[in-house]
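Please open the model in your viewer and keep the selection panel at hand. The stops below go from the sheet to the helices and then to single residues.

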Amino acid sequence: MKKIVIMGATSGIGLHLAEAYASMGWMVGAAGRKETPMKELKEKFPQQVEWMKIDVTKSDAPQRLLELIRKLGGMDIYLHTAGIGYENADLDIEKDVATTQTNVVGYTRMVDAAYRFFRKMSEKGVGGHIAVISSVAGTKGIGKLASYSASKKYQATYLEALEQLSRSEGVDLAFTDIRPGWVRTPLLENDRVYPMTMEEEKVVPLIIKAIKKRSRIAVVDWRWAVAVAFWRLIPGFLWIRMPLTISREATPEETEIDTELANS
């Protein structure tokens, strides 16, 4: 039976992915900071789910990951979905530091730990797969999302570097960088409207498909793939002069709808 560990499986996309993989018969190792959603997941899939409270910003997180892998009986795929972000035009330093601690330091800590695990498994002739949920925001620096977009660029670059390292070391390891556009999760503010927002129910199957195909880079969905391709064509001197709008205030009707979606 295939085994996947999902870091950040306590809400949003990560939780939906954990439920989806368990429903498909996989053994799922759920990890995150909130215990209640993982306990409920375990109750729903008692034979297929193991869980552990792990905070990626803590130094003991790699050791706890190994403990979860042992409980699960191994790991075929490490899927990193843990992340935070803020629309932070005011440059609130606490928000920027928190974003960096989770999306850069915590991400590095956990992906490194997964790589070291798979390196040892490769020595025994067993391959592995590291997949991460980054973002289309890493394509260019976005003013109101400065720390978030920079952290997502870091994630993509770091994964590329690890792939180069794995090839030089002869490690049998696949890498998948999944880059969604805006997804209606708790990460988005309910009183804001974001362009081309997608629902988790649509995004999760596309993520699972990309992981199954072992796609190196998967932009979700096709509309965002077109947008990203266009962004890449814009030279830097022009990009920084563009009045990019990433959200607007929602009307009362839109706020009511968004609240219903967030609570569904």
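Contact here means that heavy atoms lie within 4.5 Å of each other, and this is the sense in which residues are said to meet or touch on this tour. The model is a predicted one.

**The sheet**

Begin by selecting the strands, which form an open sheet of seven in the order β3-β2-β1-β4-β5-β6-β8, with parallel pairing. At the edges of this sheet stand β3 and β8, each of which has a single partner strand, so one side of each is left without a neighbour in the sheet. From one strand to the next, the twist averages 15 degrees.

Next, select β4 (77-80) together with β5 (residues 128-133), and you will find the two strands paired in the parallel sense over four bridges. To locate one such pairing, pick H80, whose bridge partner in β5 is V132.

Move on to the edge strand β8 (residues 217-220), which is joined to β6 (residues 173-180) by four bridges, the two strands running parallel. Within this pair, P180 stands opposite V220 in β8. Which residues of β8 belong to its covered face, and which to its uncovered one? The covered face holds A218 and V220, whereas I217 and V219 make up the uncovered face. In a regular strand the side chains alternate between the two faces of the sheet.

**A residue within β1**

Now select V5, which has its place in strand β1 (residues 3-7). With a relative accessible area of 0%, V5 is buried, because buried means under 20%. Apart from its neighbours within four places in sequence, V5 is in contact with G29, L65, L68, I69, L72, M75, I77, Y78 and L79. Of these, M75 is worth a distance label: V5 and M75 are 70 residues apart in sequence, yet 6.6 Å separates them in space, C-alpha to C-alpha.

**Helix α1**

Select residues 12-23 to display helix α1, whose 12 residues reach 17 Å from the first C-alpha to the last, close to the 16 Å expected at 1.5 Å a residue. The buried residues of this helix are G12, I13, G14, L15, L17, A18, Y21 and A22, and what covers them includes β1, β2 (27-32), α2 (35-44), β3 (49-53), β4 and α6 (200-213). Just after α1, look at the backbone of G25, which takes a positive phi of about 95 degrees.

**Helices α4 and α5**

Turn to α4 (93-123) and α5 (residues 146-169), which pack at an angle of about 15 degrees with their axes 10 Å apart. That angle makes α4 roughly parallel to α5, and the crossing in which α4 passes α5 is right-handed. Among the α4 residues that meet α5 are D96, T99, N103, V104 and Y107, while the α5 side includes S147, Y148, S151, K152 and Y154.

From this interface, pick S151 in α5, which is buried with a relative accessible area of 1%. Not counting residues up to four places away in sequence, S151 touches T99, N103 and V104.

**Last stop: the loop before α4**

Finally, select I84, which is found in the loop between β4 and α4. Is I84 buried or exposed? I84 is buried, with a relative accessible area of 16%. Adding A98 to the selection shows a pair that is 14 residues apart in sequence and 8.0 Å apart in space, C-alpha to C-alpha.

Key
Residues are numbered from 1 along each chain as its sequence is written. This is a predicted model: local features need pLDDT of at least 70, side-chain atom pairs count only at pLDDT 80 or more; totals for chains, interfaces and linings use all residues. Side-chain values use heavy atoms; hydrogens and water are left out. Buried means under 20% relative accessible area, exposed over 50%, partly exposed in between (1.4 Å probe, protein chains only). The expected span of a helix is 1.5 Å times one less than its number of residues. Two strands pair if DSSP finds at least two bridges between them. Axes are lines fitted to C-alpha atoms, for helices over the stretch in contact, and angles run from 0 to 180 degrees between N-to-C directions. Angles under 35 degrees count as roughly parallel, over 145 as roughly antiparallel, 65 to 115 as roughly perpendicular and the rest as oblique. A crossing is left-handed if the near helix is turned anticlockwise from the far one by less than a right angle, and right-handed if clockwise.
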